[in-house]
Structures are given as C-alpha cells and as structure tokens.
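Let's take a friendly walk through a protein structure together. Keep the picture open beside the text and look up each part as we reach it.

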Amino acid sequence: MKSYLSLIPISARIHRRQNRMTLLCIVISVFLVTAIFSVADTFVRATDKSMKEKHGSWHIRLDNISQETGDKISRRADVMAAGWSDSFNLDADHPYYIGEKKAALYGADETYLSQLTSSLEEGGIPQNDNEVMLSSNAKLALDVQVGSLVTLRTPAGDTDFTVSGFGSDDKKYYQGQMYMTAVYMSRNSFHTIMAANAIEEHPSYYVQFQKISGASESIADMKQQYDLTDENISENTAVMGISGQSSSQSFNGIYQIAAMLFVLVLLAGVLMISGSLNSNISQRTQFFGMMRCIGASRRQIVRFVRLEALNWCKTAVPVGLIFGTLVSFGICAYLRYGIGGEFASMQVFAISPAGLISGMLVGIVTVLLAAQAPAKRAARTSPVSAVSGNSEAAASKRRVIRHNVGRIEQTLGIHHAAGSRKNWILMTSSFALTIIIALCFSVGIDFARGLMPSLKSWQPDLFLNGYNNALVLEQHTKDVILDISGVDRAFGTAYLDHIPATSSRPGIDYINLESYDENLLKNAEDEVVQGNLRDISGDSNKVMTVYSKDNPLKIGDTIQIAGNEVEVTCSVSGSLFPGERLVICSQETFERLTGADGLTMIGIQLDEDADEGTIQQINKLTGSDVIFTDTRVQNRESNTTYMALRLGVYGFLSIIGMVTMFYIMNSISISVAARTKQYGAMRAVGMDGTQLILMIMAEAFTYAVSGLICGFGIGLPLSYLLYDQLVTRHMGMVWHPPVALLCLIVLFVAVCAAAAVYAPAKRIRNMAITETINEL
Amino acid sequence: MNLLEVKSISKTYGEGDTAVHALKKISFSVPKGEFVAIVGESGSGKSTLLNMIGALDTPSFGKVYIDGKDIFAMKERSLTVFRRRNIGFIFQSFNLIPELTVEQNILFPVLLDYQKPNRRYLEELLSVLNLTDRRHHLPSQLSGGQQQRAAIGRALITRPALILADEPTGNLDTQNSREVISLLKEASKKYEQTIIMITHSQGIAQTADRILQVSDGELTDFGRAQDVRGTSAMRGTERKGDRQ
C-alpha cells in the first residue's frame, strides 16, 4: 500500500455485495442517458437527411437582391453553393395548365436543382430551354414518362417541352395530389413565359454555407456588407433548426425541452446515486469512525469517499455505455422497422459519439455531485459514536408513539416512516411527483391524439375535393368509387358556408352547413359530447353542432334557414370542415334546406387489395375542378409521430418511475440498516420474522399511501384542469377519472413498496439474532 | 424439578485450521427458581452459552431443554413464540426501543403476542421497579439505572419461567447495580423465576444461589456461591474496577 487511498480497491473487493446497489445505480444513470441521447442523435441525423431531401440543403434564401449582389455572395469564402429560383402559380389560381392539370411554374438554375435541393428523383434536370422536369405526381396525373412531350398552356399561348425527368424541391407539397403539377424549366424559358404573359418576376437567391455552425456570423456579416434587412432573409428552418442554428422560436423551444429533460435525468441520477451512496455510507459508519479514530482527517475521509465513488465509475460507466448503446440499437430497430414513417431512414447500428460522451459525463458528474453529501456525512462521523454504536439512531429525534389501535409492529413501522419529517416529505414527494407527472402526461397524450385526425376511424386514404369547396361532385360518383376493386368504404359530404340564418340564440345571422351521410353519422357516435344523434338521420328537423369554445351555438338552440326551422340536439367533438357556427345535418336534410344535391368531398378508405390501378381509376373520375389528394403517406407519418410521442412519453415516465423505485428502495434500506441493532433486540424479546417484515412493510406502505394521497390529491385536479383547458375546450371531450391509469399507478406504487421491503427484510431475517444485536 | 437442562452443547465457529471451539460439550441443569451466575474471562464463551440457552443462536451439537421441551427441535415461528412467552432477556446495553415509552417498552412482548395487557400486573411491576412516575418517559429521558429497570420490567411482563441476563450491571454504577440485582432476586423469589446471569463482578456473583464458570469453552460448576467466596478461580474472573 503506497497511501491510505490504496485501501479503496481493497475495500471495494471486500464490500462487493454492499457496493452492488451503488454500482447498479451508476450503471442505470449512464445507461439511460446513453440510450436516450444515442437514439436522439441517430434520429436527428436521420431527420437532418430527410429534412434536406424534403426542404433542400440550402441554409438561407435572399429575396429582392440584384444579380450583382448574388454574384458577389457566390464568391464568398464561407459560401459553398448558391443558386437562383423563381416560381409562379403555386396556389393554382391562374389558368396555367399542363395537360389537363393545373401547373405551378418554376424557373431555376442547375445549382439550385442539383446541389441546393435534392430535387431529381428520376431522369435528368433540364439541360436546355426546351426541357422541363415535372413533379413525380405528373406520372400518374398526366400519364407521362421521361422523354414524353408535354404542352404548357398559358393565357399568352402554348409551349411544347420534353420531359427530362421527375422531381421537386418541395416533395411534400406535390406528394399524393393529382390536382396540380410542378413544372421546372430553365431560367430563360421561365423568363420568356413570364414576359409573354406580362407577369413580374421575383427570383430568390438560395445560399448554402460551408459550415452550418458559423451560419449566424455569416448572416450577420452579409447583412452588414450587402445592406440586407431581416425582410430580405429567410432561413430554411427545418435544416437550420435540426443543427441548432435556427432563430425559430419553436425549434429553440424543442432544444429547451431537450435541455430540461437532460437536467431532469441528471437530477434523477444524482438523487438515485446519492441515495445509494448514503445507504452505503450509513452501513459503514463504524469503518469511517475507525478511520477517524486512527487519525484520518475529515478532508481525507471526503477524498476517500469521492475517490471510492470514482472507482466505481471504472466498472459502472463502461457497462452503462455498452448496455445503453445496445438498447439504443434495439430502440432504433423498433423505430425503423416497427414504426417506420419518418423513422424509416434511421440507422440501426449507429454508434453515437454524442450519446457516449453524454453518458460518460453524466456518470462521472453525477457520481461526483452525489458523493458530495455522503462524503461530508462520513467526514462528520464522530470517532466515538462511530465505534460505539449507531449514530443514525442516536442522532434522530424521538417522539412518543401513540399505540391505541392496531398491531404494535405496524404502529412501529408507521412511526419509523413518519418519525423523520424530512425523510417522509422526500419520500412522499418522490412518489407524488411520479404520479403527478404520469397524470399530466396522459392528458398530453389525449391532446395529441385529438390533434391527429389520422387516428380517427373515418380518416380517408384518398380525398376528392371540389376546388374552393364547390358542390361539384355528384352523388353517384361515390357509388361508382365503391364498386372499384380495392375500395373499402367511401363517404360523401356537402358543405356550404355563410348561409343566411336566424336563431333563438342572439347574434346569429349566418351558419356554415355540412352534411353527413349514414357512414359518417355512424362514425360520429364515438365523438358525441352531449345529446343524441339518433334523430339526425334521414330527413329531419334535428341537427348537431361542433363543441368548441368559439362556437356560439349550443344544444337546444333553434335555427331558421330559408323558412325551415331546425333544432340543435347534439354536439360532437370534431368535423370534416373547420370553422365556427358549423351545423351538421343528414344529406337529405341538407338537400331540403339548401336545394343543392352535389357533394363537396368524397372520402375513400382503401382495403389491403388496393394498388396503383385503384388510384388511377379513381383519378380518372376527377375533372379539373376537383382536387385529388392521396393522404396515405401523411396518415402513416401522423400515426408514427403519435406512436413515437407515446413511446417517448412512456419511456420518460418509465425513467422517472424507475428512479422513484430505486430511491424508495435505497431509503428503506438505509432505514433498516440504521435500526439493525434495534431489530435484533426486538427479535430477541419475541418479534418473529413475519412481524419484522410487517413492520418494514408498514414503513414502506406509509410512504406509498401518503405518496398516493398527495399524488392523487394534486395530480387529479391538475389532470382535470389540463384536460379542461386542452381537450375539453378545444375538442369537447369531457374529463373522466383515468381509472385504468389510476389502477396502474396504485399497482406501481405497491410494487415499489413491496420491492423496497424485500431486500432489507431478507437481509435482516438471514442475520442471526446475536449478529443483529451486536451489529455496530 | 429442573427447569433448564443443557446437554453436551458445543459451538464451533469456522472450519479446519481456523475453527474456533467456543463451547465444548457443556452440560448442566438448573432447577426452577434458582439464581445462577455465570462467570468467566472475556472471550471464554459465556455469552455464547447464554445465547444458546435463549435460542438466539444454535449449537453445533447438543440439546437444550426448557421446562422439558427441546427448544432446537421447534420450528422458527414456534421457537419465537416460545421465547416470547417463556424467556425474558436483559442486556448490558438495555436495548430499549427508543420510540416507545417506559410503559410501552415493558408491554412490548405482550403486544407482540397480540394479548391484552394485564393492567394490574403492569402497575405492580412499575411500582416494584419504581418507575410509576416515569411510565410515560422515553428511554432517552431516563438514567442508566432506570433504563435497566425498564428492561427488567420488559423481561418480567410475560411472567417467563427463565430470565437470561447478559451483564445487566455492566453499564451501571455501584448503587444502581445493587438495586438492579436486588430487584432481580426479589422477582425471582416473588414469581418463582429462574435467573441465569452473566457477570464479571465477584460481588454480584456471590449474591447468586450458584456459580458456574466458563473457561476456554468448558464449564466448571462451583456450586453454592458462599462456598466459593474468595477462591482463586473467582478472583480470576473479576475485571479491574468491578469490585463492589
């Protein structure tokens, strides 16, 4: 032995059993952080790639700048690539057609199409003024391929182009829709067409920096050098945001939440390791007392405990890192293959430097922070009290037990829990915090669920929608669609807004009227907030409305429309069309009230046999005044987002739950270790093993019950308030006590308490009575 | 009639070369109502012997009969109940439960047995132990002598046939030691209880009916205390400062 610190590895070998819990706590902390950050890092990398694919890899867009300024910018050392692009008729509100479909026109240079956006999906980008690249939906909408001839019809005349390839700089916009096609041409061709139609051009300049990390400085410099203002500059929020460079508040909000979660995990780790170290130290009071007796100074004891804690890191951190990385592989594999969607591009076996470094840092930092208090506590140990007996028991204040009812072992157990106010409050808070977080997060999940229409049973895979919500679809089109192979269900709805009306409720001078066919009415049963929708079917005078904080119409109101009176008898939580003053009736009532027999929208749900042929057949039924939208990909993405959100929330709750469990286990272990001698005396005077377990159980369950009372007492009103503000207010669903969740919480708390009792009770029972009396 | 019979008990700790023979085939018996003192040097095996008699520890070989019952043939739970009802323990360091008052500490074994306490007997004990006006005090509010008297009360509350005391005066001054011993003797007579007490004090040992000496795990029966007064063997057991 070279120094007294050489005792650390020797002591670690001897106290292997006692150190097991502390090592486990460090492993769990490192594992959690490594797993979470590795998955997050892999997700961010995958998202970065998909963001660049969807939104382009450019960083900023400059509007209203001259060609000369653009040329100067392109020569800057911090700029990697820059290119021009202009567009026209993106909303399809002008009569520009390619084939039978509306056309959105783009004039872009090669740098923009090939470098700044990963536009090309098939073929090549236009190489001359006679070539165009079309968005991929044109293949289905126009039935064209690379090399086909297409004619662009403009008010000033027609121009023929050859299709050089397919692709788009905004894939999401054109994905799944058949109404409009993007036409990418050279800047020259675009200029010619715009000039012929007397339309002013507004080209934008897109810039990609060499290093995204220096983007903020480069932007500031460019503003100053070229006299640019904030109005001139827009950033590619998705790409800049994912790299942490965005000025967008929502993106920064996400990073703030990530930082908060990091701090929470760090705190949880400190709490867990600290509890475990405390237990370890309290079990070795005599050892530290002996050290003090033979001349160790307080500072030496502090150093000893700290180095001992760091010594544990030697094993625990690598184990945590390996375990965390392996689990992150599993989660990534589940996200990629089990959930798919936006996670489909995630790498499964990705080693994340960020995850490994944060895991290692958290391991060492938490251990050092957590060792602080126990080290000081060990150093404070009086040499005399340490060698003579149990300092913990001697130091705590005693209060008289009131034992009038119940069994003595239970009374004692309860007293052990309630005896130390500080400890009781900490343990109760620990349980209560977990319960409150679980109850509040469950409201968050309900809210997220309500926000995702794709989770509703009637959510269509395909939409046919009259342009500008016109009643242009015929009733029999729905029947024709239903006969197409691969179509499972179809529903039709008619919509007319701003219909003049009067009502028993003052202030109503118009309503928006929507019709539901029998299919929709059946599905709406799940969304009823108040009333009954039985009477709404068929030609009737009963209607329903949408429950919303902004909707003035309530159940019982009567409305006069074109000389007919209808009564609001039901309210539902949502509808197909947004807006206030929405009145929903049956298709028959709609026709009677408005005299219109067309449909605004047909929603189609496909079955497993549906293929591209099914889509083609449905597409052929649409005219130029009908927008055809394929929402399958969007629906899938929404579902995966919701699944990932749930996974994230439940994952976080599991972490908090696990931390609570370990904390409770440690605390009970400390409490039992501190009373070893007392328990020995109790056994000597006649307490049997069962009574001993009952006493420790009474202590653990006192914490559990007070935690439940406190957690439910605060959590349930909070859950109600949140639900009322988020869900009831916006979606109309009424709060009910989450019975299943409450049962799950009670079960979790009971399991925690039982698990906390098991090890210490076993330890005490396995000790000989003589050993427990002589302990310490 | 013998209340206690110890038959050839041995206790060995460890194995092979490191084996320590704490007790070597010890046999003796104690009739009902006798007050026995066990003397011996530190580490001689006195406490081990007492722990065996009280079923707090199990012997490597041999049997212990209390009131004719082989205590090591009993199962753990029955043994606990038997100990609770038939054996009273008094420790050197009192081992009172710090959260319980004097009265609650005394009643503790009865409460563990889920029995209704006999209030008259409790009052009598409190009075005999001179603790009536201290009944609602916590152990931390009592002197050492008062704490040991409370511990004696706890040992007597179930009217056990056998009381085992491990150096009950070890932490007390002369005056308190005298009081505690006289209380124990009084109780022994009044309630016909057998007392086996470990002591290092020659003076206290000589107040017993009989003295047993344990030395290197072996037992010597000195017989009646007055017959061994002043023998060299007794002087050897006495610790410095224990003379009273």
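What follows is a short tour of helices, strands, loops and the place where two chains touch.

Before we start, please remember that this is a predicted model.

**Where the chains touch**

Begin with the contact between the two chains. On one side there are 23 residues of chain A, and they are in contact with 24 residues of chain B. Which helices of chain A each supply at least two residues of the side that touches chain B? They are α16 (408–419), α23 (676–684), α24 (689–731) and α26 (769–774). Sorted by class, this side of chain A has twelve nonpolar, eight polar and three charged residues.

Let's look at one of these helices, α16(A). This helix has twelve residues and reaches 15 Å from its first C-alpha to its last, close to the 16 Å expected at 1.5 Å a residue. Its buried residues include A:Ile408, A:Leu412, A:His415 and A:His416. Among the elements that cover the buried residues of α16(A) are α17 (421–451), α22 (632–674) and α24 of chain A, together with α3 (102–112) of chain B. In other words, part of the cover comes from chain B.

**A helix with two sides**

Now turn to helix α7 of chain A, residues 187–196, where A:Arg187, A:Ser189, A:Phe190 and A:Ile193 are buried. Why do these residues count as lying on the same side of α7(A)? The reason is that they cover an arc of only 160° around the axis. A useful rule helps here: an α-helix has 3.6 residues a turn, so residues three or four places apart point the same way. The face of α7(A) turned away from the buried side carries the exposed residues A:Asn188 and A:Ala195. Strands help to cover the buried residues of α7(A), including β2 (79–88), β4 (101–108), β7, β8 (157–167) and β9 (180–185) of chain A.

**A covered strand**

Strand β10 of chain A, residues 204–209, is mostly covered, with six of its six residues buried. Both of its faces are covered: A:Ser204, A:Tyr206 and A:Gln208 are buried on one side, and A:Tyr205, A:Val207 and A:Phe209 on the other.

What does β10(A) pair with? Strand β1 (60–63) of chain A pairs with β10(A) in the antiparallel sense over four bridges. In that pairing, A:Asp63 has A:Ser204 of β10(A) as its bridge partner. Strand β2(A) also runs antiparallel to β10(A), and six bridges join the two. A:Trp84 stands opposite A:Tyr205 in β10(A).

**A sheet of four strands**

Further along chain A, there is an open sheet of four strands in the order β13-β22-β12-β23, with antiparallel pairing. Strands β13 (487–493) and β23 (626–630) are the edge strands, as each pairs on one side only. From one strand to the next, the twist averages 15°. Inside this sheet, β12 (462–466) and β22 (601–606) pair over four bridges, and A:Phe463 stands opposite A:Gly603 in β22(A). Helix α18 (475–483) of chain A lies across β13 and β22, running at about 170° to β13(A).

**Residues with a positive phi**

Most residues other than glycine have a negative phi, and most peptide bonds are trans. The table lists some residues with a positive phi.

| Residue | Phi | Place |
|---|---|---|
| A:Ala198 | about 55° | just after α7(A) |
| A:Ala562 | near 45° | loop between β19 (558–561) and β20 (564–572) of chain A |
| B:Asn95 | near 50° | loop between β6 (87–90) and α3 of chain B |

Is A:Ala562 buried or exposed? A:Ala562 is exposed, because it has 11 other C-beta atoms within 10 Å. B:Asn95, in contrast, is buried, because it has 22 other C-beta atoms within 10 Å.

**One more loop, and chain B**

A:Asp143 lies in the loop between α5 (137–141) and β7 (149–154) of chain A. A:Asp143 is exposed, with 12 other C-beta atoms within 10 Å. A:Asp143 and A:Gly99 are 44 residues apart in sequence, while their C-alpha atoms are 9.6 Å apart in space.

Finally, chain B has nine helices and ten strands. Of its 244 residues, 47% count as buried. Among contacts in chain B between residues at least 6 apart in sequence, 70% join residues at least 24 apart.

Terms used:
Residues numbered from 1 in each chain as written. Chains lettered and ligands numbered in written order. Predicted model: local features only at pLDDT ≥ 70, side-chain atom pairs only at ≥ 80, totals over all residues. Contact = placed C-beta atoms within 7 Å. Nonpolar A, V, L, I, M, F, W, Y, C, P; charged D, E, K, R; others polar. Buried ≥ 20, exposed ≤ 12 C-beta atoms within 10 Å, placed from the backbone. Arc of directions from axis to C-beta. Pairing = 2+ DSSP bridges. Axes fitted to C-alpha atoms, helices over the stretch in contact; angles between N-to-C directions. Expected span 1.5 Å × (residues − 1).
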